Amino acid sequence: MSVRTRFAPSPTGYLHIGGARTALFSWAYARRHGGKFILRVEDTDLERSTADSVDAILEGMKWLGLDWDEGPFFQMQRLARYREVAGQLIASGHAYYDYLSREELEALRKDQLARGEKPRYDGRWRPERVKGKTPPKDRPPVIRFRTPEEGEVGWHDLVKGPIAFPNGELDDLVLLRADGVPTYNFGVVVDDLDMDITHVIRGDDHVNNTPRQIHIFSALKRKLPYFAHVPMILGADGERLSKRHGAVSVMQYRDEGYLPEALVNYLARLGWSHGDEEMFSKESFVSWFDLEHVSRSPAQFNPEKLAWLNQQYLKAAPDARLASLVAAELKSRDVPVQNGPPLERVIALLKERASTIAQLADEATLFYRWTGEATIELEENVSKALRILKARLATVPWNRAAINDAIKEVIKSSGLKLPQLAMPLRLLLTGRPQTPSIDAVLELLGRETVLLRLAHHLETD
RNA sequence: GUUCCCGUCGUCUAAUGGUGAGGACGGCGGCCUUUCAAGCCGCCAAUGCUCGGUUCAAUUCCGGCCGGGAACGCCA
């Protein structure tokens, strides 16, 4: 049987880092084995699900290049099917109608908690206990699963190894609400069955749901899929990832100037490894990916390492591609590029110096926007040397080597050391103490701009 | 509280019943240099436990302890 995996987000927000990695692993497993990757939207939480979230999640997946073969399927469009399966379970004695109201349930929990017990449904509407009891008239029942009370459930997790739970820990979970909307554990099972999912790869936080789901699979007399629970991603402080950790949304990384392949590489490497490999293509990742090398313990998200990886990818990316990304960024900042040097050449000069597109745009700005401010006082001899240089630059052939020669000559004739001239020159021309080689900057800036900016400072001395 | 999961440098991880416990990020230092980067080189740094057991040998296997996390909903 060929592999079929799925990603099943609930549309209650954007695609976050943790979900993205789960999706990535699930996707990679399918691709690795020539199987299918299915996208299913678990939108049964009517209160919190939104169409915007669906769009945001799909957008995030597309940006990361996690393409799916089937779907997106929506659970809310499959209601009839859940009802049908719930009916089967009632017929076979594995489920029953429960008429307990929410208020009564709430009270029950409170009592149990007060007595120091684990809060759970007490099974009062179980078929074996209801004889003589008549269902309340106008209260629509929910359908509950009749969980085995003895023994234990276990499975061999493809990441974590053997796991088992005592059945006594589990209570009778609601399968179908009164309005016919399935609960999570039921929807998942019906869908994984109907969609022929062979490998359920999901977050660690579902380990506790798995025994309940296994019971439903068994009651339906169906073969279990393989389960693989991947550990969670923690914030850099070791706490659960949340907004206060800065960027948790995948799209935020795009907006901050990360390349999708860098994020994918980083995520792949977080909680999974292939020997000493740190930087690898998506193709390599797919060809190497396996569940055995997925870590069993949670991993902390490390922004510095992501930044480093992004820088590596930036350095390797074609100038034209970076230019269009930087152009978009500059446009959003209202930095005009049309009258300056070609952006691609600027990028070529700068791309080793930035770890994000945003930083690249910061650096590039010096070629397109100039404030004219330079808060330095020039020594008389430096000022004089700059005037001489300015005169030379007016006539010298405009290329890096010739510019460099001109600078060297002026240094020689004025008796200055190179930094003594280069630093003020850099500051006057760009307003910044740090830039790439000054001759390269001059060349790109262009003769006209250089002379203009120099004149601005030297005339006002 | 109950159940379940987890525990190698600060972080991501490799490896192993016998090792100098390896790599990467980071940090520190050096080289290069026209500044800042980049690059190259070097250094720092770990098997949670003064616990028990198995073994000739345990960081590795078993147990205990400690620590962290998750779940316990008519949320997913």
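A visitor asks and a guide answers about this predicted model.

Visitor: Is chain A spread out or compact, judged by its radius of gyration?
Guide: Chain A has 18 helices and twelve strands. For 461 residues the globule rule gives 23 Å. The chain lies well over that, so it is more spread out than a compact globule, with a radius of gyration of 32 Å.

Visitor: What box do the C-alpha atoms of chain A fill?
Guide: The box is taken along the principal axes. Its dimensions are roughly 110 × 45 × 40 Å.

Visitor: What percentage of the contacts in chain A comes from residues 24 or more positions apart?
Guide: The count covers contacts with a separation of 6 or more. Of these, residues 24 or more positions apart account for 78%.

Visitor: What percentage of the residues of chain A count as buried?
Guide: Buried here requires 20 or more other C-beta atoms within 10 Å. Of the 461 residues in chain A, the share that meets this is 36%.

Visitor: Is helix H1 enclosed or open to its surroundings?
Guide: H1 covers residues 17-32 and reaches 22 Å from first C-alpha to last, close to the 22 Å expected. Of its 16 residues, 15 are buried. The rest of the structure therefore surrounds most of H1: it is largely enclosed.

Visitor: Is Ala-20 buried or exposed?
Guide: Ala-20 is found in helix H1. Leaving out residues up to four places away in sequence, it touches Leu-15, Gly-60, Leu-64, Val-250 and Leu-267. Within 10 Å it has 27 other C-beta atoms, so Ala-20 is buried.

Visitor: How many Å apart in space are Ala-20 and Leu-366?
Guide: In sequence, 346 residues separate Ala-20 and Leu-366. From C-alpha to C-alpha, the distance is 36 Å.

Visitor: Which residue just after H1 takes a positive phi?
Guide: The phi value is about 65°. The residue is Gly-34.

Visitor: In what order do the three strands of the open sheet lie?
Guide: The pairing is antiparallel. Strand E4 (95-98) and strand E8 (174-176) are the edge strands, each pairing on one side only. The twist averages 45° from one strand to the next. The order is E4-E5-E8.

Visitor: Which residue stands opposite Ile-143 in E5?
Guide: E4 pairs with strand E5, residues 142-145, over four bridges in the antiparallel sense. Opposite Ile-143 stands Tyr-97.

Visitor: Which helix packs on the sheet?
Guide: The helix touches E4, E5 and E8. Its direction makes about 125° with that of E8. It spans residues 79-91 and is helix H3.

Visitor: What span should helix H15 have?
Guide: H15 runs over residues 400-414, 15 residues in total. At 1.5 Å a residue, the expected span agrees with the distance between its end C-alpha atoms, 21 Å.

Visitor: Where on H15 do its buried residues lie?
Guide: They are Ile-403, Ala-406, Ile-407 and Val-410. Seen down the helix axis, they fall within an arc of 95°, so they line one face of H15.

Visitor: Which residues are exposed on the other side of H15, and which helices are included in the cover of its buried residues?
Guide: On the other side, Ala-401 and Lys-412 are exposed. The cover over the buried residues includes helix H14 (380-395), helix H16 (418-430) and helix H17 (438-445).

Visitor: Which residue just after H15 takes a positive phi?
Guide: The phi there is about 75°. The residue is Gly-415.

Conventions. Residues numbered from 1 in each chain as written. Chains lettered and ligands numbered in written order. Predicted model: local features only at pLDDT ≥ 70, side-chain atom pairs only at ≥ 80, totals over all residues. Pairing = 2+ DSSP bridges. Helix = DSSP H or I, 4+ residues; strand = E, 2+ residues; numbered from the N terminus. Axes fitted to C-alpha atoms, helices over the stretch in contact; angles between N-to-C directions. Contact = placed C-beta atoms within 7 Å. Expected span 1.5 Å × (residues − 1). Buried ≥ 20, exposed ≤ 12 C-beta atoms within 10 Å, placed from the backbone. Arc of directions from axis to C-beta. Rg over C-alpha atoms; globule rule 2.2 N^0.38 Å.
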